[in-house]
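I opened this notebook to follow the salt bridges through the structure and to note where their partners sit. The entries below keep to what I looked up.

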Amino acid sequence: MTHILLIEDEPLISAFVAKGLKAAGFGCSVEATGESGLYVARTSVVDLIVLDVGLPDISGFDLLERLRGEGVTIPVIILTARSSAQDTVAGLVSGADDYMSKPFSFDELLARIRLRLRGARADTPSTLSHGDITLNLLTRRVTIDGREDDLSAREFALLETFLRHPDQVLSREQLLSTVWGFDFDPGSNIVDVYVRYLRRKIGADRLKTVRNMGYRLVGLS
Ligand code: CA
């Protein structure tokens, strides 16, 4: 599922946009402050950010500059109540991919989100590899040490998530929100169940348990 992070402090706008995005088949999480938005952008797997400029703590522009400064390249669409050309320039300079002035129509926002997601994917390769693991994103088959295997839809999504974050420890919460959606019961042990399934296919030594933290994909050569 494609996840959109909406950083917006006006509850009416965020509720309206989140509802529309969910209806359009996206996963959507909402943060109402700059700092919490920054935290989620850094720690979750997010495909695109819709970012309000006027936030109660740090401005959307500052948030964006910090993210880009850390090398985060997720597409960002800025929402600005101010429609001055100066603001637009500031947004694009700090690394936004697009912007919309309030008030905006949801359909137009959706069209721009889809456009930016396509742009981000245009240069995405059709395989992801780490060590001797190769995942074909088109056929959804995994090759381990030259041996090919089929994956279920959830196993595929789980392995894809690990391959996009090689050698990084991913927590159960991160995996749950990325693979199963943000609304899934956080007390569920479904992540552990699917990690077991995946280990049977790729080998237990390639998917390490990091105590009290989560799991880490290790590439073997
Ligand atoms: Ca605002």
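I began with Glu-35, which is partly exposed, with a relative accessible area of 38%. I was working on a predicted model throughout. I then looked up its partner and found that Glu-35 forms a salt bridge with Arg-66, the closest N and O atoms lying 3.6 Å apart. Glu-35 belongs to helix α2 (residues 34-43) and Arg-66 to helix α3 (residues 60-69), so this pair ties together parts that are 31 residues apart in sequence. Arg-66 also counts as partly exposed, at 34% relative accessibility.

Next I turned to a pair within one helix. I noted that the side chains of Arg-112 and Glu-108 meet in a salt bridge at 2.7 Å, N to O. Both residues lie in helix α5, four residues apart, which is about one turn of the helix. I recorded Arg-112 as partly exposed at 22% relative accessibility, and Glu-108 as partly exposed at 37%.

I then asked which residues are joined into one network by salt bridges that share partners. The network consists of Glu-8, Glu-10, Asp-52 and Lys-102.

Within that group I looked up Lys-102 and Glu-8, which form a salt bridge with the closest N and O atoms 3.0 Å apart. This pair links distant parts of the chain, 94 residues apart, with Lys-102 in the loop between β5 (98-101) and α5 (106-122) and Glu-8 in the loop between β1 (3-7) and α1 (11-23). Lys-102 has a relative accessible area of 14% and is therefore buried, and Glu-8 counts as buried at 1%.

Last, I searched the whole structure and found 16 salt bridges.

Conventions. Residues are numbered from 1 along each chain as its sequence is written. This is a predicted model: local features need pLDDT of at least 70, side-chain atom pairs count only at pLDDT 80 or more; totals for chains, interfaces and linings use all residues. Side-chain values use heavy atoms; hydrogens and water are left out. A salt bridge is a side-chain nitrogen of Lys or Arg within 4 Å of a carboxyl oxygen of Asp or Glu. Helices (H or I, at least four residues) and strands (E, at least two) are DSSP runs, numbered from the N terminus. Buried means under 20% relative accessible area, exposed over 50%, partly exposed in between (1.4 Å probe, protein chains only).
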